[in-house]
Amino acid sequence: MNDISWFALGSTVVVALAIGIGVVGPAFAMGRAISSALEALARQPEAERSIMRTLFIGLAMIESLAIYVLVIALIILFRNPLLEYLLKS
């Protein structure tokens with residue numbers, strides 16, 4: 001295999017690992033947030049509206065971290081400046 005094939009294979013492996021590792025943190029954070037919200041609802045059911053609103057805002061912020069990981073991984077995979085450098089050489 002030539003250099004470009006190895007580079008493409010390496011980029012694909014790195015992106016797969018980045019996505020796998022990059023979503024583990026947000027997944028644990030979402031699980032902990034939902035668990036804490038359920039505990040709060042069990043203690044104070046009358047504060048359901050406030051707890052749920054805060055939970056959904058927090059979950060949206062956590063989910064944005066996973067989306068950032070996906071965007072960066074796609075940039076590395078499809079618009080890698082090092083690949084252009086190898087093609088010119």
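What follows is a conversation about a predicted model of one protein chain.

Reader: To start with the basics, how many helices and strands does the protein have?

Author: In this predicted model, the protein has four helices and zero strands, and reading along the sequence gives the pattern α-α-α-α.

Reader: And what radius of gyration does the protein have, set against a compact globule of 89 residues?

Author: The protein has a radius of gyration of 20 Å, whereas a compact globule of 89 residues would come out near 12 Å. The spans of the C-alpha trace along its principal axes add to that picture, at about 65 × 15 × 10 Å.

Reader: What share of the residues is buried, then?

Author: Buried residues amount to 16% of the 89 in the protein. As for the surface, the protein exposes about 6,800 Å², and carbon and sulfur atoms supply 72% of that area.

Reader: What about contacts, looking at those with a separation of 6 or more: what percentage comes from residues 24 or more positions apart?

Author: Residues 24 or more positions apart account for 75% of the contacts in that set.

Reader: Can we take one residue as an example? Where is serine 11, and which residues does it touch outside its sequence neighbourhood?

Author: Serine 11 belongs to helix 1, which covers residues 3-22, and, leaving aside residues up to four places away in sequence, serine 11 touches Leu77 and Asn80.

Reader: Is serine 11 buried or exposed, and why?

Author: Serine 11 counts as buried because its relative accessibility is 9%, and the cut-off for buried is under 20%.

Reader: Now the loop between helix 2 and helix 3: which proline lies there?

Author: That is proline 45, in the loop that joins helix 2 (24-43) to helix 3 (48-78). Proline 45 counts as exposed, because its relative accessibility is 53% and exposed means over 50%. From proline 45 to serine 64 there are 19 residues in sequence and 28 Å in space, C-alpha to C-alpha.

Reader: Changing topic, which domain does UniProt list, and for which residues?

Author: The UniProt record, an unreviewed entry, lists "domain: V-ATPase proteolipid subunit C-like" for residues 15-76. In the model, the chain over residues 15-76 is 92% helix and 0% strand, with its end C-alpha atoms 7 Å apart.

Reader: Last one, on charges: how many positive and negative charges are there, and how far apart are their mean positions?

Author: The protein has 6 positive and 6 negative charges, and the mean positions of the two sets are 6 Å apart.

How values were computed
Residues are numbered from 1 along each chain as its sequence is written. This is a predicted model: local features need pLDDT of at least 70, side-chain atom pairs count only at pLDDT 80 or more; totals for chains, interfaces and linings use all residues. Side-chain values use heavy atoms; hydrogens and water are left out. Helices (H or I, at least four residues) and strands (E, at least two) are DSSP runs, numbered from the N terminus. The radius of gyration is taken over C-alpha atoms; the globule rule is 2.2 Å times the number of residues to the power 0.38. Buried means under 20% relative accessible area, exposed over 50%, partly exposed in between (1.4 Å probe, protein chains only). Contact means heavy atoms within 4.5 Å. Accessible areas come from the Shrake-Rupley method with a 1.4 Å probe; for residues, only the protein chains shown count as cover. Lys and Arg count as positive and Asp and Glu as negative; His and the chain ends are not counted. The place of a charge is taken as NZ of Lys, CZ of Arg, CG of Asp or CD of Glu. UniProt positions are given in the numbering used here, feature names are shortened, and annotations may be inferred rather than shown by experiment.
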